[in-house]
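Here's a quick tour of a protein structure, taken one topic at a time. Have a look at the sequence and the 3D view, then work through the points below.

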Amino acid sequence: NNPRVKNLTTEILSDNWYVLHKATFDYLNDASQWQTQSREAYDRGNGATILLYNLVNKTVILTRQFRLPTYLNGNSTGMLIESCAGLLDADSPEDCIRRECEEETGYQVSDVHKIFEAYMSPGSVTEIVHFFIAQYSKDMQIGEGGGVAHEHENIEVLEMPFDTAYAMIASGEIKDAKTIMLLQYAQLNVNGLL
């Protein structure tokens with residue numbers, strides 16, 4: 001517990017898609033004065049993401065799908081190129097990312113390697129994302145991918161050279177933070193991709 005925080009109360013503002021809380025609390029500032037503050041925090045649960053890579057072909061598997069918040073913030077099509085990802089729900093991060101990988105990309109991977117975890121937007125969202133990498137090969141493909149119909153997912157699977165994907169960061173074609181982080185990790189740590 002943080003001794004600089006007291007009298008924390010929360011109320012639910014919305015429980016429609018995920019949960020939006022309003023928190024009111026007293027915070028002890030650097031001048032040793034207590035200040036009452038109010039903030040909103042969006043709780044969507046924790047998630048996991050993975051970069052699938054093939055060292056022989058020097059390729060990666062990414063996805064493309066419509067993301068409404070990006071559309072509302074100036075992305076003219078709302079389409080975003082991303083690494084495979086999903087919410088943990090009741091699963092462990094490893095089980096989640098294996099499930100999501102199969103649903104979204106059609107690849108069944110068993111040997112996933114966790115590289116780190118990170119808060120993605122700590123000023124407003126509670127979510128921690130667990131980051132993974134895994135090698136893939138064509139014999140691991142058991143389906144078409146594309147997501148789950150009852151979750152209204154319409155996901156395009158993209159296989160491309162790693163150097164093409166990495167260049168898409170600089171060109172602005174990839175703007176998703178988790179994907180950028182995974183591609184940069186691979187650039188620095190996965191020998192043989194270039």
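Keep in mind that this is a predicted model. We'll start with an open sheet of 3 strands, then drop in on two residues, Thr59 and Tyr185.

**The sheet as a whole**

- The strands line up in the order β1-β2-β3, and the pairing is antiparallel.
- Which strands sit at the edges? They are β1 and β3, and each of them pairs on one side only.
- Neighbouring strands in this sheet are turned by 20° against each other on average, if you ignore direction.
- As general background, strands of a sheet pair through backbone hydrogen bonds, either parallel or antiparallel.

**From β1 to β2**

- Strand β1 covers residues 5-14 and strand β2 covers residues 19-28; 7 bridges join the two.
- They form a hairpin, with 4 residues between them.
- Want to find the pairing on screen? Val5 has Tyr27 in β2 as its bridge partner, while Ser14 is partnered with Leu20 in β2.

**From β2 to β3**

- How many bridges join β2 to β3? There are 10, and the two strands run antiparallel, with β3 spanning residues 34-43.
- This pair makes a hairpin too, with 5 residues between the strands.
- Look for Ser32 in that turn: its phi is positive, at about 60°.
- For Val19, the bridge partner in β3 is Asp43.

**Thr59, a residue in β5**

- Thr59 belongs to strand β5, which runs over residues 59-66.
- Is Thr59 buried or exposed? It counts as buried because its relative accessible area is 10%, and the cut-off for buried is under 20%.
- The side chain of Thr59 makes a polar contact with the side chain of Tyr136, at 2.6 Å.
- Leaving aside residues up to four places away in sequence, Thr59 touches a whole list of residues, including Leu52, Tyr53, Glu159, Phe162 and Leu193.

**Tyr185, a residue in α4**

- Tyr185 is part of helix α4, made up of residues 177-189.
- With 21% relative accessibility, Tyr185 counts as partly exposed, because that label applies between the 20% cut-off for buried and the 50% cut-off for exposed.
- Which residues does Tyr185 touch, not counting those up to four places away in sequence? They are Ile115, Phe116, Ile133 and Val190.
- Take Ile133 from that list: it is 52 residues from Tyr185 along the chain, yet their C-alpha atoms are separated by 9.4 Å.

How values were computed: Residues are numbered from 1 along each chain as its sequence is written. This is a predicted model: local features need pLDDT of at least 70, side-chain atom pairs count only at pLDDT 80 or more; totals for chains, interfaces and linings use all residues. Side-chain values use heavy atoms; hydrogens and water are left out. Two strands pair if DSSP finds at least two bridges between them. Axes are lines fitted to C-alpha atoms, for helices over the stretch in contact, and angles run from 0 to 180 degrees between N-to-C directions. Buried means under 20% relative accessible area, exposed over 50%, partly exposed in between (1.4 Å probe, protein chains only). A polar contact is a pair of N or O atoms within 3.5 Å; within protein, one must be able to donate a hydrogen and the other to accept it, and residues adjacent in sequence count only if both atoms are side-chain atoms. Contact means heavy atoms within 4.5 Å.
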